[in-house]
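User: I have a protein model open and would like some help reading it. May I ask you a few short things about it?

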Amino acid sequence: MSLSLTLGCLWVIASAITAMLPMRLQYAPGVVLLLAAPVLLILLGIEHGLLWAGIGLFAFVSMFRNPLIYLGKKALGLPVPPPPGSEDRA
């Protein structure tokens with residue numbers, strides 16, 4: 001198996017483990033996974049072609065849809081509601 005597929009599989013496993021963590025512990029590994037995804041997708045596209053990069057992109061967007069929606073709204077200057085449970089932190 002190629003390096004990009006191996007790293008992609010490890011990324012999926014790490015994402016699943018991160019999703020099982022309590023919300024307050026998900027932020028640091030989530031940011032690392034969010035930043036690593038484009039690099040892995042580019043590597044996957046170079047080694048295996050655009051079809052597999054597209055499949056990887058679909059998997060990435062489906063797993064990180066809420067953070068991507070949040071970042072998109074923030075970038076467009078739209079109002080972003082506070083995360084659930086944030087009123088309990090005071």
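Analyst: The turns below go through the overall fold, the interior and the surface. Please keep in mind that this is a predicted model.

User: Understood. How many helices and strands are there in the protein?

Analyst: The protein has four helices and zero strands. Read from the N terminus on, its elements follow the order α-α-α-α.

User: And what does the C-alpha trace span along its principal axes?

Analyst: The C-alpha trace spans about 50 × 30 × 15 Å along those axes.

User: Let us go inside. Which residues make up the largest nonpolar core?

Analyst: That core consists of eight residues: W11, L33, L34, A37, L40, L41, F60 and F64. Helix α2, residues 23-48, supplies the largest share of this core, with five residues.

User: What does L40 touch, leaving out residues up to four places away in sequence?

Analyst: With those left out, L40 touches L7, G8 and W11.

User: W11 again. How many aromatic pairs does the structure hold?

Analyst: The structure holds three aromatic pairs. One of them joins W11 and F64, whose rings are 5.6 Å apart centre to centre. The angle between the planes is 35°, and the pair is classed as tilted.

User: Why does that pair tie together parts that are far along the chain, 53 residues apart in sequence?

Analyst: W11 belongs to helix α1 (residues 3-20), while F64 sits in the loop between α3 (50-63) and α4 (65-76), so their pairing links parts that are 53 residues apart in sequence.

User: Are W11 and F64 buried or exposed?

Analyst: Both W11 and F64 are buried. Together with F60, W11 and F64 form one aromatic cluster.

User: What share of the protein is made up of buried residues?

Analyst: Of the 90 residues in the protein, 18% are buried.

User: Now the outside. Which residues make the nonpolar surface patch of about 610 Å²?

Analyst: That patch is made by L3, L7, L10, I13, I17 and M20. L7 therefore appears twice in this conversation, as a residue of the patch and as one that L40 touches.

User: Where is I17, and how exposed is it?

Analyst: I17 is located in helix α1. The relative accessible area of I17 is 49%, so I17 counts as partly exposed; the label "exposed" requires over 50%.

User: Last one: how much accessible surface does the protein have?

Analyst: The accessible surface of the protein comes to about 6700 Å². Carbon and sulfur atoms account for 76% of that surface.

Notes: Residues are numbered from 1 along each chain as its sequence is written. This is a predicted model: local features need pLDDT of at least 70, side-chain atom pairs count only at pLDDT 80 or more; totals for chains, interfaces and linings use all residues. Side-chain values use heavy atoms; hydrogens and water are left out. Rings of Phe, Tyr and Trp (its six-membered ring) pair if their centres lie within 6.5 Å; planes under 30 degrees apart count as stacked, over 60 as edge-to-face and the rest as tilted. Helices (H or I, at least four residues) and strands (E, at least two) are DSSP runs, numbered from the N terminus. Buried means under 20% relative accessible area, exposed over 50%, partly exposed in between (1.4 Å probe, protein chains only). A nonpolar core is a set of buried Ala, Val, Leu, Ile, Met, Phe, Trp, Tyr and Cys residues joined through side-chain atoms within 4.5 Å. Contact means heavy atoms within 4.5 Å. Patches are made of residues with over 30% relative accessible area and no salt bridge: like charges are joined within 9 Å, nonpolar side chains (Val, Leu, Ile, Met, Phe, Trp, Tyr) within 5 Å. Accessible areas come from the Shrake-Rupley method with a 1.4 Å probe; for residues, only the protein chains shown count as cover. A salt bridge is a side-chain nitrogen of Lys or Arg within 4 Å of a carboxyl oxygen of Asp or Glu.
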